Amino acid sequence: MKVEPYKFSGVYSITDREQKSISTKSLVPGTSVYGEKLVKEGEDEFRLWSPRRSKLSAAIKRGLREMPIQPGSKVLYLGAASGTTVSHCSDIVGPNGVIYAVEFSQRTVRDLVQLAAVRPNIIPILDDARHPTRYAPLVSGTIEVVYQDVAQPNQASILYENLKTFCSFGAWGMLAIKARSIDSTSSLEEVYSREIAELDNRGLEIVENINLEPLEKDHRFVVCRVTEDMT
Ligand SMILES: C[S@@+](CC[C@H](N)C(=O)[O-])C[C@H]1O[C@@H](n2cnc3c(N)ncnc32)[C@H](O)[C@@H]1O
C-alpha cells in the first residue's frame with residue numbers, strides 16, 4: 001500500500017495492488033464516519049474518500065483542476081446531510097479552518113451534531129439555505145468558499161445569495177447541480193445551461209463545469225468565483 005500527496009493540499013492518493021483511491025488524513029484517527037476504510041501509515045491514518053459517496057470526491061476523480069477547499073479554509077457548506085463530505089472537508093481544512101455546515105432536516109442534523117462533537121472545526125447549523133440572513137449571526141468572519149449540495153429547484157440563486165451574504169471579492173462557489181430537482185422535463189443540458197447562465201449573469205466567473213456521470217447520475221459540478229463587487 002502506497003500513500004502519496006495528491007495534487008491538492010490535504011488530499012492523498014493511495015495505491016493498493018494497482019488500484020488508486022483518494023483519501024484525506026484523518027483529524028480523528030480510529031474513527032470511521034460512514035463506514036469508509038481506514039489506512040494506517042506510520043503515525044497517520046487516512047480515510048478513503050469514495051467518489052460514489054461524495055460529489056466532491058467524484059469531481060476530483062473526474063478531473064477537478066481548482067480545489068478551493070484547502071488547509072485553513074473557512075467554508076460554508078449548504079446541504080450537509082449527516083456529514084459524509086463535510087467530514088472529509090474537515091480533514092482537509094484541519095485545525096486552523098472551519099466548516100459551517102447548514103442542514104435543514106432535523107433528523108439528519110443530529111448526526112452532524114455528533115460529528116461536530118469530535119471535530120471541533122465543524123459548526124452545525126440547523127436552518128434553510130434559502131435564508132442566509134437567518135443564520136448569518138452564527139457565522140463569524142469572511143467565508144472563502146461556499147459549497148452547495150442541496151436538492152432544490154433554484155440552486156444557482158441559493159448559491160448566489162449565500163455568496164453575497166458571506167463573501168467578498170476572490171471567494172469561491174462550488175455547486176453540485178442536481179438537474180432533476182430543478183426541472184424533470186427539460187433536457188439535462190438545458191437545465192445545466194440555465195443554472196450556469198444565472199451564475200454568469202449575476203457576475204460570477206465560471207471556472208469549471210464537470211460532468212459527474214457515471215459516478216453521479218444527472219449531476220454537474222460547477223466551480224465559480226466572485227470577481228465583481230456583489231453589493
Ligand atoms: C444530496 S444531500 C447532501 C449530501 C452531502 N452534501 C454529502 O455529500 O455528504 C442534500 C441535503 O440537502 C438538504 N437540503 C435540501 N434543501 C435544503 C435547504 N434548503 N437548506 C438546507 N438543507 C437542505 C437535504 O436535507 C439533504 O440532507
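1. Thr15 touches Met1, Lys2, Glu4 and Lys20, once residues up to four places away in sequence are set aside. This is a predicted model, and the points below should be read as such. Thr15 belongs to strand S2, which covers residues 11-16. One polar contact is worth checking in the viewer: the side chains of Thr15 and Lys20 are joined at 3.3 Å.

2. Tyr12 is also placed in strand S2. Its relative accessibility is 18%; buried means under 20%, so Tyr12 counts as buried. The contact list, without neighbours within four places in sequence, has several parts. It includes Val3, Glu4, Pro5 and Tyr6. It also includes Ser21, Ile22, Ser23, Thr24 and Lys25. Phe46 is on the list as well. As for Arg47, its C-alpha atom is separated from that of Tyr12 by 9.4 Å, with the two positions 35 residues apart along the chain.

3. Next, the ligand. There are 17 residues around the ligand. Those that come nearest are Tyr77, Thr85, Glu103, Asp128 and Gln152. The space that the ligand takes is the largest pocket.

4. The polar pairs with ligand nitrogen involve both backbone and side chain. On the backbone side, a polar atom of Phe104 is 3.3 Å from a nitrogen atom of the ligand. A backbone N or O atom of Ala129 lies 2.8 Å from a ligand nitrogen. From a side chain, an N or O atom of Asp149 is 2.9 Å from a nitrogen atom of the ligand. On its own the ligand has 610 Å² of accessible area, and the protein covers 84% of that.

5. Helix H2 spans residues 84-93 and is mostly covered, with 10 of its 10 residues buried. The buried set includes Thr84, Thr85, Val86, Ser87 and His88. It also includes Cys89, Ser90, Asp91, Ile92 and Val93. Thr85 is a link to the ligand: this residue is buried in H2, and Thr85 is also among the residues that come nearest to the ligand. Just after H2, Gly94 takes a positive phi of about 70 degrees.

6. Gln148 lies in strand S9, residues 145-148. Its relative accessible area is 0%, so Gln148 is buried. The side chain of Gln148 reaches the backbone oxygen of Gln155 at 3.0 Å. With neighbours within four places in sequence left aside, Gln148 is in contact with Leu78, Gln155, Ile158 and Leu159, among others. Met174, Leu175 and Ala176 are also among its contacts.

7. Val150 sits in the loop between S9 and helix H5, the latter being residues 155-166. Is Val150 buried or exposed? Its relative accessible area is 12%, and buried means under 20%, so Val150 is buried. Beyond neighbours within four places in sequence, its contacts are Leu78, Gly79, Ala129, Gln155 and Ile158. Leu78, Gln155 and Ile158 are also in contact with Gln148. Ala129 ties this loop residue to the ligand site: Ala129 is in contact with Val150, and a backbone N or O atom of Ala129 lies 2.8 Å from a ligand nitrogen. Ser32 is elsewhere: its C-alpha atom is 24 Å from that of Val150, and the two are 118 residues apart in sequence.

Conventions:
Residues are numbered from 1 along each chain as its sequence is written. This is a predicted model: local features need pLDDT of at least 70, side-chain atom pairs count only at pLDDT 80 or more; totals for chains, interfaces and linings use all residues. Side-chain values use heavy atoms; hydrogens and water are left out. Helices (H or I, at least four residues) and strands (E, at least two) are DSSP runs, numbered from the N terminus. A polar contact is a pair of N or O atoms within 3.5 Å; within protein, one must be able to donate a hydrogen and the other to accept it, and residues adjacent in sequence count only if both atoms are side-chain atoms. Contact means heavy atoms within 4.5 Å. Buried means under 20% relative accessible area, exposed over 50%, partly exposed in between (1.4 Å probe, protein chains only). A residue is near a molecule or strand if one of its heavy atoms lies within 4 Å of it. Accessible areas come from the Shrake-Rupley method with a 1.4 Å probe; for residues, only the protein chains shown count as cover. On a 1 Å grid over the protein atoms alone, a cavity is a set of points where a 1.4 Å probe fits but cannot get out, and a pocket is an open set with protein on both sides within 12 Å along at least five of seven lines; lining residues have an atom within 4 Å of a point. A molecule sits in a cavity or pocket if more than half of its atoms lie within 2 Å of its grid points.
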